[in-house]
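Here's a friendly walk through one protein model, for anyone meeting it fresh. Have a look at the picture, then read on.

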Amino acid sequence: MRSLAIVIVTVLIAFSAARAGLQALTEECSAAGTLSRETYLSGVSAHERKFTLYLPPCYQASGASYPLLLLLHGSNADDSQWARLGFLDALESAIRADEAPPMIVVIPYGGSVANQNRFDGLSYDRILLDLLEQVNDRYRLDGRQAIGGISRGGFWAYHLGLRFAADFVAIGGHSPYFDPDHASPENNPLDLARSLTADTRLRLWLDRGPVDHAADGVDQMHVLLRERRIPHAYIVHAAGDHSEATWRQNMGAYVDFYAGAFAGYDDKPFAREAPSAGGGIELWLPAAGFGALLTSIDSADFDALLAGALDQRLILSHSNAERLSERGIDLHLNTRLVADNLLFNELWRDKRSFTLLPFDQLHLRLRPLWLDDAPVVDQLAEYPLSFPSDAPNFSPDLLTRVTLSGTTALARHTLPAVERIGLEQAASGIRDYVRRADYFQITHEASIAASCPRHTESVLGGANSMCMLQDHARLFDILDVDVVDLTGNHINDFGYEAFEHTLEHFEERGYALVGGGRSVEQARQPLILERNGSRIGWLACNNIGPYYAFANDNPDALGGRRPGSAYCRGGWLREALPRLAAEVDLVLLTVQYREFEAFTPTQRQRLDFQTYAEWGADIVIGTAEHKPMTFEFYRTRRAETAFLHYGLGNLFFDQLPWGNRRFFLDTLYIYDGELRAVELFPGIIEERARPRLLEGEDLFNFLHFMFIQKNEF
């Protein structure tokens with residue numbers, strides 16, 4: 001769904017003046033390139049085999065040497081595939097326009113052996129190596145080689161290119177077929193890629209359509225390369241599937257990639273520089289299993305354990321205990337120590353335990369704990385487990401925090417409650433916390449209406465219509481809101497003009513908007529957040545309606561043209577999520593889902609959220625449920641773990657039952673492009689209009705209640 005931000009998904013290749021010699025050659029040359037079908041006697045298969053050969057313009061007359069591009073066809077195709085799809089025409093046009101260097105292209109016919117999973121003396125890779133040897137003897141080559149393939153050919157391109165990485169400058173995979181069980185580790189590209197390092201000079205390309213049946217394997221390779229910080233291009237096209245029609249549309253981009261690989265640059269065109277890690281330190285955090293029944297540690301208890309007092313809740317791994325000792329932190333001799341590989345299991349089982357660990361060991365199934373009810377990362381100047389280091393594991397310059405909230409409607413009974421206690425009091429219970437985040441999001445339900453709270457003939461929501469007073473919108477300023485989620489199903493209750501007026505107000509105040517707008521296109525527009533080395537793509541949508549809450553561009557549809565929220569249409573999200581995932585480090589999807597009076601999701605809701613994760617969302621949050629709901633760490637087919645929170649509960653809403661007055665605020669800890677942890681802020685709504693942090697026994701009981709709803713916790 002996404003680390004040094006090393007994956008660039010829109011490739012713009014520009015060539016430097018170093019090509020002046022080749023330019024002069026092509027200007028003097030008027031002959032076209034030549035295309036022929038050649039044969040060679042394979043010493044591997046012991047019979048004559050065929051390949052298509054492209055020689056660049058004026059090859060015979062120039063006497064120059066050229067780079068070699070080896071292109072492999074897909075299953076049930078032959079060596080005419082690349083020419084039929086227009087690659088050679090696009091290449092020659094690029095050479096003529098001085099947008100690509102002249103090159104020799106060899107496209108072998110694989111036959112049945114190319115579809116066999118055999119890796120012996122008669123396998124396809126041996127045949128290709130034999131062909132390369134003979135091509136080098138026959139033609140004038142300058143030593144630069146690139147290899148690429150479509151579908152099954154993409155598998156062989158990565159198989160051969162990774163095994164002999166020093167012999168190639170680039171590998172291209174166009175809907176390549178990868179599977180963890182497709183070949184043994186010594187032959188599987190998904191395993192061979194693990195030998196690459198971040199400083200590789202090998203240029204790598206992966207692309208696919210949004211509904212490509214090879215998507216799982218392509219995404220697994222992308223995730224593997226990204227986690228190992230290997231520079232690569234990863235493209236999910238705006239439309240298309242696993243077909244020649246899709247590949248044909250992208251031949252120009254393929255030419256640009258291979259041309260760029262031969263251009264002779266010293267830099268890495270697919271890498272962007274990471275921000276400076278100035279102020280780097282070695283940071284240790286208190287952390288607990290995600291389902292632990294605590295959120296904070298008292299500083300007095302923390303100082304005491306660092307001074308050698310025994311804290312029965314503390315569990316340490318052997319290696320971390322040794323590292324702390326080297327830092328001069330000698331813990332009590334009876335501190336519970338466990339093997340490194342058992343630490344997580346121990347924390348997961350003991351809901352009242354916590355550990356101390358370096359920041360780089362923090363992962364999604366652990367929760368960072370606070371110190372004196374405030375995040376540790378906001379107390380670094382006085383915090384005792386923050387050390388100067390020549391090998392830092394943390395820099396504030398690489399951390400981005402996003403805090404998400406549930407349903408907010410300053411309407412109905414909440415409206416007079418806010419009038420009674422005042423905006424400052426309404427905000428006081430959460431203000432200090434949410435303002436710590438780099439981005440705080442409000443899920444907006446009710447538009448500003450001039451006649452509010454009186455119903456008029458124009459209301460669409462009937463007796464249940466919701467609206468917000470203009471003055472009450474100042475609450476967003478007091479809370480320092482950054483992002484307004486417009487997927488609420490009551491946003492058009494008081495008519496479309498009221499919503500458009502609300503949009504104008506939010507835009508004037510400088511809020512970022514997501515999930516709604518004046519048109520379908522605007523409502524579907526992803527919000528891109530770029531901060532501290534992370535690029536976050538955010539989509540939001542309404543899954544349930546009513547119809548008049550959806551943005552609509554069709555004048556003949558029910559209700560006609562109107563502003564509104566983005567509808568969670570499967571076809572749109574199926575294309576938009578993988579495309580966005582290819583452009584950013586992390587994809588966040590917030591969903592106004594059907595409301596249930598339950599603390600656990602229905603099977604349908606689980607399936608929908610999991611499907612969104614499969615399509616490319618790294619984080620899926622239900623923002624409309626009126627009760628807080630359970631969590632899930634969902635392992636996708638692309639081998640990533642997505643964080644699913646099925647419902648945050650109400651933030652500002654007028655429902656009185658026990659469950660409807662309790663909520664979560666989720667704070668995402670995104671470090672250097674990676675979701676490192678989720679911090680929970682459990683709270684309760686008081687006086688119908690003042691959410692605040694739960695404390696003491698209420699906090700313990702609420703967490704216990706929520707985590708036992710799901711056996712995983």
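How many bridges join β9 to strand β14, and in which sense do the two run? Three bridges link β9 to β14 (residues 366–368), and the two strands run antiparallel. Keep in mind as you go that this is a predicted model.

**Strand β9 and its partners**

So where does β9 sit? Strand β9 covers residues 281–289 and is mostly covered, with nine of its nine residues buried. Besides β14, β9 pairs with strand β16 (residues 386–388) in the antiparallel sense, over three bridges. Strand β13 (residues 355–358) is joined to β9 by four bridges, again running antiparallel. Here's how those pairings line up, with one residue match for each partner:

| Partner of β9 | Bridges | Sense | Residue in β9 | Residue opposite |
|---|---|---|---|---|
| β16 (residues 386–388) | three bridges | antiparallel | Ile-281 | Pro-388 |
| β13 (residues 355–358) | four bridges | antiparallel | Pro-286 | Leu-356 |
| β14 (residues 366–368) | three bridges | antiparallel | Gly-289 | Leu-366 |

**The eight-stranded sheet**

Now for another part of the model. Eight strands form an open sheet in the order β1-β2-β4-β3-β5-β6-β7-β8, and the pairing is mixed. At the edges stand β1 (34–41) and β8 (233–236); each has a single partner strand, so one side of each is left without a neighbour in the sheet. On average, neighbouring strands here are turned by 20° against each other, ignoring direction.

Within that order, strand β5 (residues 141–150) and strand β6 (residues 170–174) run parallel and are joined by five bridges. If you want a spot to find on screen, try Gly-148, which stands opposite Gly-172 in β6.

A helix goes across some of these strands, too. Helix α10 (residues 251–261) lies across β3 (66–72), β5, β6 and β7 (203–208), and runs at about 170° to β7.

**Two helices that cross**

Last stop: a pair of helices. Helix α5 (residues 124–138) packs against helix α6 (residues 152–163) at an angle of about 65°, and their axes are 11 Å apart. That angle makes α5 roughly perpendicular to α6. The crossing of α5 past α6 is right-handed.

Which residues meet there? From α5 come Tyr-124, Asp-125, Leu-128 and Leu-129, while α6 brings Trp-156, His-159, Leu-160 and Arg-163. Sorted by class, this contact between α5 and α6 has five nonpolar residues, one polar and two charged.

Terms used. Residues are numbered from 1 along each chain as its sequence is written. This is a predicted model: local features need pLDDT of at least 70, side-chain atom pairs count only at pLDDT 80 or more; totals for chains, interfaces and linings use all residues. Side-chain values use heavy atoms; hydrogens and water are left out. Buried means under 20% relative accessible area, exposed over 50%, partly exposed in between (1.4 Å probe, protein chains only). Two strands pair if DSSP finds at least two bridges between them. Axes are lines fitted to C-alpha atoms, for helices over the stretch in contact, and angles run from 0 to 180 degrees between N-to-C directions. Angles under 35 degrees count as roughly parallel, over 145 as roughly antiparallel, 65 to 115 as roughly perpendicular and the rest as oblique. A crossing is left-handed if the near helix is turned anticlockwise from the far one by less than a right angle, and right-handed if clockwise. Contact means heavy atoms within 4.5 Å. Ala, Val, Leu, Ile, Met, Phe, Trp, Tyr, Cys and Pro count as nonpolar, Asp, Glu, Lys and Arg as charged, and the others, Gly among them, as polar.
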